[in-house]
Structure formats: structure tokens, C-alpha cells
Amino acid sequence: MAERLFGLETEYGIVGSTSDQDGARRDAIAYDLATRARDEVPGIQELSGNGMFLQNGARFYIDCGHHPEMTTPEVTNPWDAVRYILAGERILEQLAAPHHHRAIAAVPLLLKTNIDYLTRSSWGCHESILHTMDPAGLPNQIIPHLVSRVIYTGAGGFNPFSPGVEFVLSPRSLMIEHSTSRESTRGRGIFHTKNEALCNGDHKRLHIICGESLCSEIAMWLRTATTVLVVAMVEGGVQPGVEVILDEPVGALQAIVGDPTCRIRVAAAGRRVTPLQIQRHFLRLAEEHARADFMPPWAETACQQWRTMLDRLDGAPDSVSTTLDWAIKRAVFERVLARHGFDWARVAAWTEVLVEMWTRLRDDGSIEEMPQVEHLLDPSETLQWWMRAVSSLVHAKGVTWDGVGAFIRLRQELFECDMRFSQLGGEGIFASLDHAGVLTHHVPGVDNIEHAMENPPAIGRAKLRGDVIRRVLPNRAVFGGTWESIINHAEHTALDLSNPFETEERWNRIVKQAERRP
């Protein structure tokens, strides 16, 4: 059995919450959080000055867009992958606790979400998996898996580009524009071609950017476990994607995320298949090779969990409404609809009306700036004209313009509900439901989170990094770190961490530029 290293990078949404609603700037809040992390969290400064490496082997910094990012240490099993995500969030919760922020106007609220519905911007939860293959052979083999796995890895939410309310399994998936791409902030691809190994030798790093941040433990566990098994099979020469290569991967992804029954069919290798069928294809191959030398030692357990989830998804969405993020959210949204006197059919009727109206508005060359849906609450003469222009559709859908205000208020509440679903610190909707004991998402073996907050994993360079950081904490100001080294500025030495499986502590003298021969 082959150990394999992997990790996750989670970017968090951040907003300010104040008693007087002073609207403190997000960037100031984010960098205050980073400053407090440097002062209060055990770790050493990153050499770039942009963040820090922690005593548990993780990395914390502020990413582009002023998003706090917590990167797990490299781990070798999906239990640790989930454990270190949760440990990182506990650390962030402590940093963001109100008593830490007496000196500033805004207490930060950290949100485990990937979409801003107001700006239509997106940030991610990235996955990194170590391998030794030629990256050119990966896309066809793994893209069908990445597209179809969304039935259990989707965070749930709404189409951010719709003027109405369109529930989708994965909002971030609608931000994906290409099958493959090197870009990560625009023109994103299902398969990310970024080639940044962060280690030496033949090792390479598959960097996956199409995923989302999740709350459900089993969803997080399966996201990591199944994808690592697919990568292991490709490296072992199995070619698992050949029989399910998608004709139009981006179109298939967008179709799949719009169907909560998980039964929509997409074109793949000359036939029409459901995402469940694609997933069962990958599972069958994983089961056949579970004991192969190239598979990790936990492969059989992963296959059992994988099969159990796919069997449950046969009855989606109700069968997973207490287990997977997207289905839990959908059940919460249904309660919001009922409270406002709506159901999904009435929501769909209003959405069709607004989609048609906004399509016509976009086609009108005389309109210089597209209005927001909220402008219908106090419409201009131009909007009133267009409202009359679609009156026949309004009538056909059984609604009236008198009810548009109620629909817009519902839409606003649903979006806010989605944003607050994953709020860290125990006050989010998911946390409240979990505390009430109504969810069924926990994975046996994902435990001892407090230990993971202070200690690195047992295998790989993360253990070496974490052990060294713990030892040098009393004098941490003279140390700096990267993924591949720790620098002792006082002694001009560097700890070599370029081997991802490093077990020995080897410090090498840093040769200064002046000492080098011409």
C-alpha cells in the first residue's frame, strides 16, 4: 500500500459585525486578524511576510480579496484532512472572538462560504494531491469525477447570475468557464493546470480549484477520499475516466448542479449518463483495485463509505437532507419559503418572469447600466415600461406585479440565510442544527480536534515542520518559513523540507552572496 500526501486550502468570507453598524472595511478587519495571529498563535513568520506557519504544520495568511486562508498540513488520510480543517477553524474562532477586538470597531464574522451574491465574486476551497505523473494525462481521467462528485461535495446555494431564485447544488460551479485553465481568479477551469510542486524530485502537485468549502464531515471526508483514490488509480495505470469522458464538461457541470434529484443525464462517451452512474463507474474500479500496491491503506474503507453515500443519493434530495451541505441547506430554504407563503413552484414562476425581463433589458442597447432586482421595489419609468412588456408572462405564471416586493424580500432573506449557514463560532445555522442533534453528518474517527490545533500529523514533512516550530517558539522571531524550508536567521542555516516525506532534521548552512565564487 502506498502512502499519499494531500491537503486543503480554505478561504473564508469575512464581514464586520458592530453594535453601531459603522461599516468597517473588510481589508482592515482581515489584516487586523492577521496581526493578531502573528501575536497570539504559536508559529513562525512566513519568509514572504504574508502569513505564518503554525505549530501544527498548517499555514495561515490573507489571500487576495482580503480572505483569511487556513491551509492544512499535508496529511495521509481523509480523517486527518477533516480533522485539520476543523482544527484550523477552531484557531480562527479564537482569533475572531469578541474579547480579542476591544481596540477596533468591528468584530469579524468568518463565513465558510464561497460566493458573494452582491458582487458575484467567488473564492475557493482548493485541494492539493501529491503525484509523480505527467500532468498532461490527468484531465481526461479526473474531470468526469470532478464534475459528477458535486452530488455529494456541493455546498448548495443559488445561481448568483440569476435575477430570480434558482437553487443549485454548487454555486461556485457556475463560476467555472473552461475544462482546463491555469487561471484561478477568472477564466477558471475544472482542471487547474498550475504547475507548482512545492517540493523536490519527481513529485508534482495536482491543484484542484473547482471545489467548495463544506460543513458536513462526511462530505469533506468523501471529497478527499474519493478524489485521492481516482488520482492513485491514474498513477497506477488504470485510466478510470476513459469510459465516461464528457462531451461538454462545463455544460455537464452546470446541468448537474441544477438537479437536486441527481438524475439528470449528460453526454459522455457516446451515451447519456447520470452523475450517479459516473460515480458508480469510478467506485467499481476503485473497489476492483482497492488492495493494489498503488492504493492507500484506507482504500477499502473509503469504497464502503463511497458506496453507502451513492446508495443514499438514489433518494435525493430527501434522503440526504440531514447529511450533505446542499441538501441540508435546501431543507432550511424550504422552511424559509413556507414562512413567506412560497413554495418552489411559485419561486420558479417569479424566476421565469424576471429572467425573461432581464434578458430583454440586456438586449436593449439604450440601457447603459443594468438595474438591480431591488430597483423593482421603486421602479423607474423605464422599468415600469418593461414590467408592462412582460405582463402576459406574468399573467401566464399566475402571479401579479403587486407581489414582486414579497418575492424580492424572500430572495434577500434566502441569500442572507445562505451566507449565515456556515458562520464560524457556533452561531451559524449549520452549527445550530448540529448542536440540536438533528444532523447526521459526523464521521467516526474525526475527533481529537484540540490535539490537532497544537500538534502536526504523524507522517511527512509537516510533522518535522511542526515539531521544530514548537521547539523554537521561545525564540521564534529569528525564524522564518516556507513550504520547503525553515530559516534560522541568527545562525544562517536552513532546515531542508523539500522532500515531502522527510523524516530527518537536517540544517544546512546558508551561503551568503558575498561568499560565493564568481
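Hi everyone, let's start right at a helix contact: Q141, I142, H145 and L146 in α3 meet T226, T227, V230, V231 and V234 in α5. Sorted by character, the residues of this α3–α5 contact come out as 5 nonpolar, 4 polar and no charged. Before I go on, please keep in mind that this is a predicted model.

How are those two helices placed? Helix α3 covers residues 139-148 and helix α5 covers residues 217-235, and they pack at an angle of about 165° with their axes 10 Å apart. Angles over 145 degrees count as roughly antiparallel, and α3 and α5 are therefore roughly antiparallel to each other. As for handedness, the crossing of α3 past α5 is right-handed.

Let me stay with α5 for a moment, since it leads us to the sheet. Helix α5 lies across three strands, β1 (6-11), β10 (125-131) and β15, and it runs at about 30° to β10.

Now the sheet itself. How many strands does it have, and in what order? There are 11 strands in an open sheet, and the order is β15-β10-β1-β6-β5-β4-β3-β18-β19-β20-β21, with mixed pairing. Which strands sit at the edges? Those are β15 (204-208) and β21 (507-509), each of which pairs on one side only. From one strand to the next, the twist averages 30°.

If you'd like one pairing to look at on screen, try β3 with β18. Strand β3 (residues 43-46) and strand β18 (residues 479-482) run parallel and are joined by 2 bridges. Look for E46, whose bridge partner in β18 is G481.

On to a second helix pair. Helix α10 (residues 344-363) and helix α11 (residues 381-389) have axes that come within 10 Å and cross at roughly 125°. That angle makes α10 oblique to α11. Here too we have a right-handed crossing, with α10 passing α11. Which residues touch? From α10 we have M357, R360 and L361, and they meet L383, W386, M387 and A389 in α11. This contact between α10 and α11 divides into 6 nonpolar residues, no polar and 1 charged.

Two backbone details are worth zooming in on. The peptide bond from A316 to P317 is cis, with omega near 10°. You'll find P317 in the loop between α8 (299-312) and α9 (325-339). The other one is A269, a residue other than glycine with a positive phi, near 50°. Its place is the loop between β16 (266-268) and β17 (271-273).

Last, a word on confidence. What is the mean pLDDT? For the protein it is 93, and 95% of its residues reach 70 or more. Where does pLDDT stay under 50? That happens over residues 19-23, and for this stretch the model has 1 contact beyond four places in sequence.

To recap with the two helix pairs: α3 and α5 are roughly antiparallel, whereas α10 is oblique to α11. Thanks for listening, and I'm happy to take questions!

How values were computed
Residues are numbered from 1 along each chain as its sequence is written. This is a predicted model: local features need pLDDT of at least 70, side-chain atom pairs count only at pLDDT 80 or more; totals for chains, interfaces and linings use all residues. Side-chain values use heavy atoms; hydrogens and water are left out. Axes are lines fitted to C-alpha atoms, for helices over the stretch in contact, and angles run from 0 to 180 degrees between N-to-C directions. Helices (H or I, at least four residues) and strands (E, at least two) are DSSP runs, numbered from the N terminus. Angles under 35 degrees count as roughly parallel, over 145 as roughly antiparallel, 65 to 115 as roughly perpendicular and the rest as oblique. A crossing is left-handed if the near helix is turned anticlockwise from the far one by less than a right angle, and right-handed if clockwise. Contact means heavy atoms within 4.5 Å. Ala, Val, Leu, Ile, Met, Phe, Trp, Tyr, Cys and Pro count as nonpolar, Asp, Glu, Lys and Arg as charged, and the others, Gly among them, as polar. Two strands pair if DSSP finds at least two bridges between them. pLDDT is the predictor's confidence in each residue, from 0 to 100.
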